[in-house]
Amino acid sequence: MSMKPGILETLDRVYEQAARMPLGSGTAPDAILSATEGAWPSGDVRRLAKVARIAAVMGDMADEVARATERLAMKARQDRFVDFGEADLWAAALRWAIDDLASNTWFGPAPGSTSRAHEVGAAAVRLREAGYPVAVGTDGCRIAEGRRRELLQRIDGLVRQLGGVEVLLQLFRILEEQERFEDGMWLLGDVVPPVGQRKDPTIPYGWLFTLALKHVRPVAKLRKPEVAWDNLVKLSRDYGALVDVERYDNLQRIDVYPGELIPTLVEALGWHQLFTFPRYRSAVVLQFVQAMREVLDEAQWRAFGVQPMTLASELRTLFEVASAKAPTTIQRGEAERGLPNLLRLASARQGGVNKGFVDPFQAEARTSDGVILFEMGDKYLILPETVVAAQAATMLVTRIWQCLEEEAAKKAVGAICERVVASICAMFPGVNVATDLVYHVAKQRFQVDVLATEDEEITLIEVKSKSLTKTALSGDMAQYLLDYDTSYLAMLKQLVRHETHLRGGNPELPSIDAASRISKVAVSPLTYGPLSDVHLSQSILLALFRGKLGTSVPNDRDAKILADLAKDVTSVGRSLERFVGQGPGQYRDVRVALMAYQWLDMAQLDAVVRLKAGVSAALKMLRHVSFASHDLWHEVALRRRLDRASANATPVDRGAPARPRGA
């Protein structure tokens, strides 16, 4: 944000100047504040209105100042604006807003509804009342670092008092009560209720999940556990709201302006860290092990530390023991007899994980990733099936990288994932699947990882062995962009290239009709969270096409990351422009072209293919339906519910003519 500290105090002074101006002497913001090379992008004007509303809710600013600023921001639709250095112009624009509000009583939230800024401000008030001083400024709400750490330690202490198992049981119970569980999968999307229903801040399930794993141990039952639980929920929920990454209405912005790119990425990362935990399909984990048998040689299996048949057998036993909806336990002796290798490779001693973890953005201190069995006295804790499956998938991928040389591990994970993806695509009849399809263009060698054909529709799939790094998850935005570039953009470049050559009639590739639909899928072994949401990744890429990122504090490492990113974005943009036009097989514009690309992990691909009983139908569904939850599992569940509602609807519900009474 390009605004300076003390911006709210300046806004107050400019508003006072505007309030003294004669009625009708103002000028609409678009006419008076817009500038070709103004100091503020439009996103800054919207953020100014947002922090003004937060300050008003907190009692730090008069409500009429916030209302006038919000009205001004709604009218400010140009790209750039002059800053408060032009105080007279801003005063004239605010005078216009004051007059407009006086003549338009409709402006403001509907009765019973809420807004993001209101909920952030209300959380700040509650934290102040709890003894934590919250200040609001240019970048939103902040607590002085020392006091913030006290708050985080208090939340961690409440989890310790309750015990990790009790916290996990409560979290999964609440998720089920909130209908955030379907077909064995936990749904952790950023969703809002129907119009007219108010949304309260969400419990930070992901953060509390990680803290709970830190404190898995037998504990004495508290005399009043409900009091500790109530305090934990209130404090953690208010802190999560204060971070300000959650939406509260259905007015989701589709476009991301270049100036809003980093805040958008920060929000995606914040949701990932605060509100989600890993989920996967156990069947895909077992497919992964089967593919490992086909790819790894005997020496590599020795390095891995367990033979494939034994590994598969123990994982099947694990998934049979795991409960669908709650954590369960297994006696130590039973685990030693039935799961000896998983105990050796993927268990944690009591109190041995996440020791330094307190802050939700402290991802590098989160050591529970890939742990399958958590010691708890004379027992081991096993997480719900789809959660322990995610832990198992992480363990398998991580161990391959740890046990093999880097290049061998990269090759092995890529080959394993290709086999899993091919198996998923071929699970229904009528789908022809080819892997490692090699072709040449002007003496250059190219390779399509997976190509699926079904009903004259073609799906190109590119697989990368890379996963999201903990450095990125800890808030290093340059690393976050690097992970995005070297995973999704790298796969996107290859997919665009393959489509170009396929439509160009390369003799080594299948021949297709000019108007044939070609779907493209980038597949990662593990999830990238909200970053891989099709609409969010599309909006991020469009913003990168329109603008250029720079570093606030120049350094060689970040400058190189951004330079490489800009180069790759330019390459992808130029390639996509070849598909824009009115001819057969072309797209109306780049945005529409990007809708034909998806970014999934292997378990997500398996889920959508199973849902629609085929690859083409699955990808068509993803192109045309979005509930803006930024969580593929939630998207699939909502789509399934929509299909059920449609199937159960009466002819009148579907819009068909009603049958006459008695017919």
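Me: What is the strand order in the open sheet of 5 strands?
Reply: This is a predicted model. Its open sheet of 5 strands has mixed pairing. The order is β11-β12-β13-β14-β15.

Me: Why is one side of β11 and of β15 left without a neighbour in the sheet?
Reply: β11 covers 432–441 and β15 covers 597–601. Both stand at the edges of the sheet. One side of each is left without a neighbour because each has a single partner strand.

Me: What does the twist average from one strand to the next in this sheet?
Reply: The sheet runs β11-β12-β13-β14-β15. From one strand to the next, the twist averages 30°.

Me: Which residue of β13 stands opposite T453?
Reply: Strand β12 spans residues 444–454 and strand β13 spans residues 457–463. They pair in the antiparallel sense over 5 bridges. Opposite T453 in β13 stands I458.

Me: Which are the edge strands in the open sheet of 4 strands?
Reply: The order is β7-β10-β9-β8, with mixed pairing. Each edge strand pairs on one side only. They are β7 (328–331) and β8 (347–348).

Me: Do β8 and β9 run parallel or antiparallel, and what stands opposite A348?
Reply: 2 bridges join β8 to β9, residues 373–376. The two strands run parallel. Opposite A348 in β9 is F374.

Me: How many disulfides are in the whole structure, and how far from C403 is the nearest cysteine sulfur?
Reply: A search of the whole structure gives 0 disulfides. C403 is in none, and the nearest cysteine sulfur belongs to C417. The distance is 16 Å.

Me: Is C141 buried or exposed?
Reply: Its relative accessibility is 5%. Buried means under 20%, so C141 counts as buried.

Key
Residues are numbered from 1 along each chain as its sequence is written. This is a predicted model: local features need pLDDT of at least 70, side-chain atom pairs count only at pLDDT 80 or more; totals for chains, interfaces and linings use all residues. Side-chain values use heavy atoms; hydrogens and water are left out. A disulfide is a pair of cysteine sulfur atoms within 2.5 Å. Buried means under 20% relative accessible area, exposed over 50%, partly exposed in between (1.4 Å probe, protein chains only). Two strands pair if DSSP finds at least two bridges between them. Axes are lines fitted to C-alpha atoms, for helices over the stretch in contact, and angles run from 0 to 180 degrees between N-to-C directions.
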